[in-house]
Structures are given as structure tokens and as C-alpha cells.
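I opened this model to look up how its parts fit together. My notes follow in the order I took them.

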Amino acid sequence: MITALLSVIGLAAMVVPVAVELAAGGGFYATVSDDKGALFFAARGTHVAAVVAATVLMYQPAVTRWLAATAEHRRTPQRVTTST
């Protein structure tokens with residue numbers, strides 16, 4: 001679900017309009033920044049890189065082990081002890 005929503009649909013929503021505008025002959029910087037300046041350009045590039053990195057990292061074996069351990073911890077009833 002995360003892959004479909006975040007990595008496919010979310011990334012496509014950011015990349016496809018830019019690709020269409022570039023194919024129509026728009027300039028790269030003007031297309032990517034939407035005339036909002038260098039800060040928006042940097043933020044958009046960082047966002048795209050973060051989504052790609054998150055997609056790659058969420059399929060690492062360590063993440064699977066951590067999620068399995070967290071799920072096991074939630075299933076195991078915790079003993080409550082009180083001292084008097």
C-alpha cells in the first residue's frame with residue numbers, strides 16, 4: 001500500500017506534469033520551479049530524492065526484521081507488576 005500510494009502515485013504526481021511540460025518545450029528550471037524560485041526548486045528535488053530513498057530503504061531486510069519484532073511485541077501481553 002505504501003509503495004503504491006507513496007512511490008507510484010505520489011511520485012508520478014510530481015514527475016509527470018514536469019515531464020509533459022518539458023516535452024512541450026519548456027525550460028527545465030522554469031518547469032521544475034513553477035516560477036517560485038530556487039528554494040522551491042531545491043525542495044522539490046529533495047522531496048523526489050527522499051521518496052525514492054524511502055522506497056528503496058523500506059524493502060531492506062533490516063526493516064522487515066524490525067517490523068516483525070514490533071508486531072511480536074504488540075502481540076505479547078505485557079505483565080504489569082506492582083510493588084507494595
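I began with burial. Buried residues account for 13% of the 84 residues in the chain. I keep in mind that this is a predicted model.

Next I listed the secondary structure. I found four helices and zero strands. Read from the N terminus, the order of elements is α-α-α-α.

Then I checked how far apart in sequence the contacting residues are. I took contacts between residues at least 6 apart in sequence; of these, 44% join residues at least 24 apart.

**Helix 1 against helix 3**

I turned to one helix pair. Helix 1 covers residues 2-23, and it packs on helix 3 at an angle of about 150°. The two axes lie 10 Å apart. Which way do helix 1 and helix 3 run relative to each other? An angle over 145 degrees counts as roughly antiparallel, so I note helix 1 and helix 3 as roughly antiparallel. The crossing of helix 1 past helix 3 is left-handed.

I wrote down who makes this contact. Helix 1 supplies Leu6, Ser7, Leu11, Met14 and Val18. Helix 3 supplies Arg44, His47, Val48, Val51, Val52 and Thr55. Sorted by class, the contact has seven nonpolar residues, three polar ones and one charged one.

**Ser7 and Thr55**

I picked two residues from that contact. Ser7 sits in helix 1. Thr55 sits in helix 3, which spans residues 38-57.

Is Ser7 buried or exposed? Its relative accessible area is 12%, so I count Ser7 as buried. Thr55 comes out at 18% relative accessibility, and therefore I log Thr55 as buried too. The cut-off I used for buried is under 20%.

What does the side chain of Thr55 reach? It makes a polar contact with the side chain of Ser7 at 2.3 Å. The side chain of Thr55 also reaches the backbone oxygen of Val51, at 2.8 Å. Val51 is itself listed in the contact between helix 1 and helix 3.

I then looked at Ser7 from its own side. I set aside neighbours within four places in sequence. Ser7 is then in contact with Ile2, Val51, Thr55 and Met58. Val51 and Thr55 are among the helix 3 residues I had already noted.

**His47**

My last stop was His47, another helix 3 residue. Is His47 buried, partly exposed or exposed? I enter His47 as partly exposed, because its relative accessible area is 40%.

I also checked a C-alpha distance. His47 and Leu11 are 36 residues apart along the chain, and their C-alpha atoms are separated by 9.1 Å. I had met both names before: Leu11 is listed for helix 1 and His47 for helix 3 in the helix contact.

Technical notes:
Residues numbered from 1 in each chain as written. Predicted model: local features only at pLDDT ≥ 70, side-chain atom pairs only at ≥ 80, totals over all residues. Heavy atoms only, no water. Helix = DSSP H or I, 4+ residues; strand = E, 2+ residues; numbered from the N terminus. Buried < 20%, exposed > 50% of the residue type's maximum accessible area, 1.4 Å probe, protein only. Polar contact = N/O pair within 3.5 Å; in protein donor to acceptor, adjacent residues only side chain to side chain. Axes fitted to C-alpha atoms, helices over the stretch in contact; angles between N-to-C directions. Parallel < 35°, antiparallel > 145°, perpendicular 65-115°, else oblique. Left-handed = near helix turned anticlockwise from the far one by under 90°. Contact = heavy atoms within 4.5 Å. Nonpolar A, V, L, I, M, F, W, Y, C, P; charged D, E, K, R; others polar.
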